[in-house]
Amino acid sequence: MSGPVEAGDVAGTVEPPASAIDAAGSAPVGEGPPRVEVTDGREATVGHLTVRRVLPRRPRRTVGAWCFADQMGPIEVRTEHAVDIGPHPHIGLHTVTWLLAGELLHRDTLGSEQPIRPGQLNLMTAGAGVAHAEEQVGYRGGMHGMQLWVAQPSSTRHGHPAFEHHAELPQTEVGGSRVTVLVGEFDGTASPARRDTELVGLDAVLDTGPVEWPVRADFEHALIVLEGRVEVDGV
């Protein structure tokens, strides 16, 4: 994940084997060399599910407009309610749900009822207010995914709520990595998903060995490692 911020918060080259989510956002550009920060996640309980919450954390509250990131699983679903996050409200943000394994059903007060499966994206815009639930409906097997939140800017946060589902997303290969563009644009490849601010969200599978990405110097970047190990600028 990534987006505008001070240059002192920008990370550069990505190295070694893993699957990862990158998100980015922007803000005023400062001076100084890129700096890499390592922040541990913590366990949190959401409904019946234990997640690894990596944003917000005390040292790092946001990455651009990205303000929340929960890793769901990997777990093995054996019961009806292993993932059952009951109705709850949101205002002024987008919820971005991305599955690597498993299946969930999204319901909301707009009347949306949409299953999501691996490789698909659900994006709900809360605006002035909406409530939603995410449920397990008869699925058994592996479950792994991410839920991310994006803070809406003042120009849209009081607007109408909305929901969109993307069954397919664009992919590209860059410098030894296979990248799915969830939100925003990367290396000339753009996602159809809504964004109200300048930001980027990617799912990347990295080859073993050095990997180099054309990241923006005016963005800060957060790399959430879902599997394997990644080294960034020696860290």
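Let me start with a term: a residue is called buried under 20% relative accessible area, exposed over 50%, and partly exposed in between. I will use those words throughout. Arg-216 is a case of the middle class, because its relative accessibility is 38%. The model on the screen is a predicted one.

First, the chain as a whole. It has 235 residues, and 50% of them count as buried. The secondary structure is simple to state: 21 strands and zero helices. If we take contacts between residues at least 6 apart in sequence, 72% of them join residues at least 24 apart. The accessible surface comes to about 10,800 Å², with 49% of that area belonging to carbon and sulfur atoms.

Now to one of the sheets. Four strands make up an open sheet, and the order across it is β7-β12-β9-β10, with antiparallel pairing. At the edges are β7, residues 84-90, and β10, residues 113-116, and each of these pairs on one side only. On average, neighbouring strands in this sheet are turned by 20° against each other, ignoring direction. As a reminder, strands of a sheet pair through backbone hydrogen bonds. Inside this sheet, β9 covers residues 104-108 and β12 covers residues 130-135, and the two pair in the antiparallel sense over four bridges. Arg-107 stands opposite Ala-133 of β12.

Ala-133 comes up again if we look at Ile-85, which is found in strand β7. Which residues does Ile-85 touch, once its neighbours within four places in sequence are left aside? They are Val-46, Ala-133 and Glu-134. Ile-85 counts as buried, because its relative accessibility of 12% is under the 20% cut-off. Its C-alpha atom is separated by 8.8 Å from that of Gln-136, a residue 51 places away along the chain.

Next, charges. Side chains of opposite charge can pair when their charged atoms come close. How many salt bridges does the count come to? Twelve. I will go through three pairs and one network.

The first pair is Arg-53 with Asp-70, whose side chains meet in a salt bridge at 2.7 Å, N to O. This pair links distant parts of the chain: Arg-53 sits in β5, residues 49-55, and Asp-70 in β6, residues 66-77, with their positions 17 residues apart in sequence. Are these two residues buried or exposed? Arg-53 is buried, at a relative accessible area of 15%. Asp-70 is buried as well, at 5%.

The second pair is Arg-117 with Glu-103, at 3.5 Å from N to O. Here both partners lie in loops: Arg-117 in the one between β10 and β11, Glu-103 in the one between β8 and β9, 14 residues apart. Arg-117 is partly exposed, with a relative accessible area of 38%. Glu-103 is also partly exposed, at 23%.

The third pair brings us back to Arg-216, which forms a salt bridge with Asp-218 at 2.6 Å, N to O. Asp-218 has 22% relative accessibility and so counts as partly exposed. Arg-216, as I said at the start, counts as partly exposed at 38%.

Finally, the network. Arg-35, Glu-37, Arg-60 and Glu-220 are linked to one another through salt bridges. That is the end of my list.

Definitions and conventions. Residues numbered from 1 in each chain as written. Predicted model: local features only at pLDDT ≥ 70, side-chain atom pairs only at ≥ 80, totals over all residues. Heavy atoms only, no water. Pairing = 2+ DSSP bridges. Axes fitted to C-alpha atoms, helices over the stretch in contact; angles between N-to-C directions. Buried < 20%, exposed > 50% of the residue type's maximum accessible area, 1.4 Å probe, protein only. Contact = heavy atoms within 4.5 Å. Areas by Shrake-Rupley, 256 points an atom, 1.4 Å probe, with all protein chains shown as cover. Salt bridge = Lys/Arg side-chain N within 4 Å of Asp/Glu carboxyl O.
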